[in-house]
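Welcome! Please work through the exercises below with the sequence and the 3D view open beside you, and try each task before you read its solution.

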Amino acid sequence: RQFRGRHGDAWLFGDVINVNDGPPEKRLLLTGLHVVADIYCNGCDTRLGWKYVEAYEEQQKYKEGKFILEMNRILKERDLRKREAEAA
């Protein structure tokens with residue numbers, strides 16, 4: 001399936017690590033009304049995507065408890081090391 005975030009293409013995951021949740025809120029997305037909580041990187045506090053808390057439409061219920069990570073918000077380790085070296 002194809003997923004979209006605020007900043008482009010995204011992936012749907014069943015579990016993620018090293019993130020923390022913001023407060024849940026109702027949000028109208030392309031697939032209908034959902035309760036979601038934005039998720040943030042534990043290391044840099046960048047908003048990475050969101051967690052589906054509740055879906056109101058039956059065909060969207062499979063998303064509950066899963067996470068959207070936006071592709072362009074994720075850094076590969078080599079890119080992170082390069083960024084850190086440039087900042088030093």
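## Cysteines first

By the disulfide rule used here (a pair of cysteine sulfur atoms within 2.5 Å), the count comes to zero disulfides. This is a predicted model, in which local features need pLDDT of at least 70, side-chain atom pairs count only at pLDDT 80 or more, and totals for chains, interfaces and linings use all residues. Residues are numbered from 1 along each chain as its sequence is written, and side-chain values use heavy atoms, with hydrogens and water left out.

**Exercise 1.** Explain why Cys-41 is not bonded to Cys-44.

*Solution.* Step one: find the closest cysteine sulfur to that of Cys-41, which is in Cys-44. Step two: read the distance, 3.6 Å. Step three: compare with the cut-off; the sulfurs are too far apart for a bond, so no disulfide is counted here. Starting from Cys-44 leads back to Cys-41, again at 3.6 Å.

## The overall plan

**Exercise 2.** List the elements from the N terminus on.

*Solution.* Start with the counting rule: helices (H or I, at least four residues) and strands (E, at least two) are DSSP runs, numbered from the N terminus. The protein has one helix and six strands. Walking along the chain gives β-β-β-β-β-β-α. For the extent, the C-alpha trace spans about 50 × 25 × 20 Å along its principal axes.

**Exercise 3.** Work out the order of the strands in the sheet, and name the edge strands.

*Solution.* Two strands pair if DSSP finds at least two bridges between them. Now go through the pairs:

- β1 and β2 (residues 8-13) run antiparallel and are joined by three bridges; Gly-5 has Gly-8 in β2 as its bridge partner.
- β3 and β4 (residues 32-41) are antiparallel, with nine bridges; Asp-21 has Ile-39 in β4 as its bridge partner.
- β4 and β5 are antiparallel over seven bridges, and His-34 stands opposite Ala-55 in β5.
- β5 and β6 are antiparallel and joined by three bridges; here Lys-51 stands opposite Phe-67 in β6.

Put together, the six strands form an open sheet in the order β1-β2-β6-β5-β4-β3, with antiparallel pairing. The edge strands are β1 (3-5) and β3 (19-29), each pairing on one side only.

**Exercise 4.** How many residues lie between the strands of the hairpin that β3 and β4 form, and how many in the one formed by β4 and β5?

*Solution.* In the hairpin of β3 and β4, two residues lie between the strands. In the hairpin of β4 and β5 there are five, and Asp-45 in that turn has a positive phi of about 65°.

## Aromatic pairs

**Exercise 5.** Find the aromatic pairs and describe how their rings are arranged.

*Solution.* Rings of Phe, Tyr and Trp (its six-membered ring) pair if their centres lie within 6.5 Å; planes under 30 degrees apart count as stacked, over 60 as edge-to-face and the rest as tilted. The structure holds two such pairs. Trp-11 and Phe-13 lie 6.2 Å apart, centre to centre, with 75° between the planes, an edge-to-face pair. Trp-50 and Tyr-52 are also edge-to-face, at 6.2 Å centre to centre and 80° between the planes.

Next comes burial: buried means under 20% relative accessible area, exposed over 50%, and partly exposed in between (1.4 Å probe, protein chains only). Trp-11, at 39%, is partly exposed, and Phe-13, at 31%, is partly exposed too. Trp-50 and Tyr-52 are both buried.

## Two buried residues

**Exercise 6.** Is Arg-27 buried or exposed, and which residues does Arg-27 contact?

*Solution.* Locate Arg-27 in strand β3. Its relative accessibility is 11%, so Arg-27 counts as buried. Then look for contacts (heavy atoms within 4.5 Å), leaving aside neighbours within four places in sequence: Arg-6, Gly-32, Leu-33, His-34, Val-36, Asp-38, Arg-47 and Trp-50.

**Exercise 7.** Do the same for Gln-60: where is Gln-60 placed, and what does Gln-60 touch?

*Solution.* Gln-60 sits in the loop between β5 (47-55) and β6 (67-70). At 11% relative accessibility, Gln-60 counts as buried. Not counting residues up to four places away in sequence, Gln-60 touches Thr-31, His-34 and Ala-55.
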